[in-house]
Amino acid sequence: MLNENWKKKIGGGQLEFNGTYAYTVSREDGKTEQLIYVPLHKATASLAYAYKGFSGYYRHVFNGEVFTSTDNAYNLDAYNVSGIGAEYNFKVLSGIALGAQANNLWNEEYQNVIMRPMPGRYYNMYLNFKF
């Protein structure tokens with residue numbers, strides 16, 4: 001597994017990049033077939049910027065092809081999914097954060113389990129209270 005982290009102060013805030021890549025061979029002893037639902041290739045990347053109480057990010061996931069049968073005869077295609085979001089942490093009201101996200105930003109059609117399609121683009125807004 002490869003893991004890359006990078007941070008840089010820019011304009012009073014901080015820009016941060018994180019990335020991972022994994023090549024996973026997963027087999028039962030004595031067999032040549034890849035285990036079901038374990039991708040050979042998986043990669044993630046995120047880019048975030050934080051300034052005072054505000055933060056924003058872009059995240060991307062690549063999940064390689066996976067097999068859905070033990071003889072590796074059936075598979076689910078690889079997919080790319082990304083999201084974007086922003087959050088504000090209130091200074092006056094410590095422990096309160098307001099945020100919004102757009103998930104599956106590019107409206108990718110994909111399945112991570114056979115016969116279970118994942119949602120298209122969807123949005124999430126939240127208000128978190130920490131005590």
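The legends below describe one overall view and several close-ups of a predicted model.

Local features are given only where pLDDT is at least 70 and side-chain atom pairs only at pLDDT 80 or more, while totals for chains, interfaces and linings use all residues. Residues are numbered from 1 along each chain as its sequence is written, and side-chain values use heavy atoms, leaving out hydrogens and water.

**Figure 1. Overall view of the protein chain, with 11 strands and 0 helices.** Helices (H or I, at least four residues) and strands (E, at least two) are DSSP runs, numbered from the N terminus. The radius of gyration is 19 Å, well over the 14 Å that the globule rule gives for 131 residues, so the protein chain is more spread out than a compact globule. The radius is taken over C-alpha atoms, and the rule is 2.2 Å times the number of residues to the power 0.38. Along the principal axes, the C-alpha atoms fill a box of roughly 60 × 30 × 30 Å. Of the 131 residues, 26% are buried (under 20% relative accessible area; exposed is over 50%, and partly exposed lies in between; 1.4 Å probe, protein chains only).

**Figure 2. Close-up of the aromatic pair Tyr-88 and Phe-90.** Rings of Phe, Tyr and Trp (its six-membered ring) pair if their centres lie within 6.5 Å; planes under 30 degrees apart count as stacked, over 60 as edge-to-face and the rest as tilted. The count by this rule is 2 aromatic pairs. In the pair shown, the ring centres of Tyr-88 and Phe-90 are 5.0 Å apart and the planes stand at 85°, so the pair is edge-to-face. Tyr-88 is partly exposed, at 36% relative accessible area, and Phe-90 is also partly exposed, at 32%.

**Figure 3. Close-up of Asn-63 in strand E4.** The strand covers residues 54-63. Asn-63 has a relative accessible area of 9% and is buried. Apart from neighbours within four places in sequence, Asn-63 is in contact (heavy atoms within 4.5 Å) with Pro-39, His-41, Lys-42, Ala-78 and Tyr-79.

**Figure 4. Close-up of Ala-97 in strand E8.** Strand E8 spans residues 96-103. Ala-97 is buried, with 6% relative accessibility. Not counting residues up to four places away in sequence, Ala-97 touches Glu-87, Tyr-88 and Asn-89, as well as Tyr-126, Leu-127 and Asn-128. Tyr-88, among these contacts, is also a member of the ring pair in Figure 2. Gly-53 is 44 residues from Ala-97 along the chain, and their C-alpha atoms are separated by 9.0 Å.
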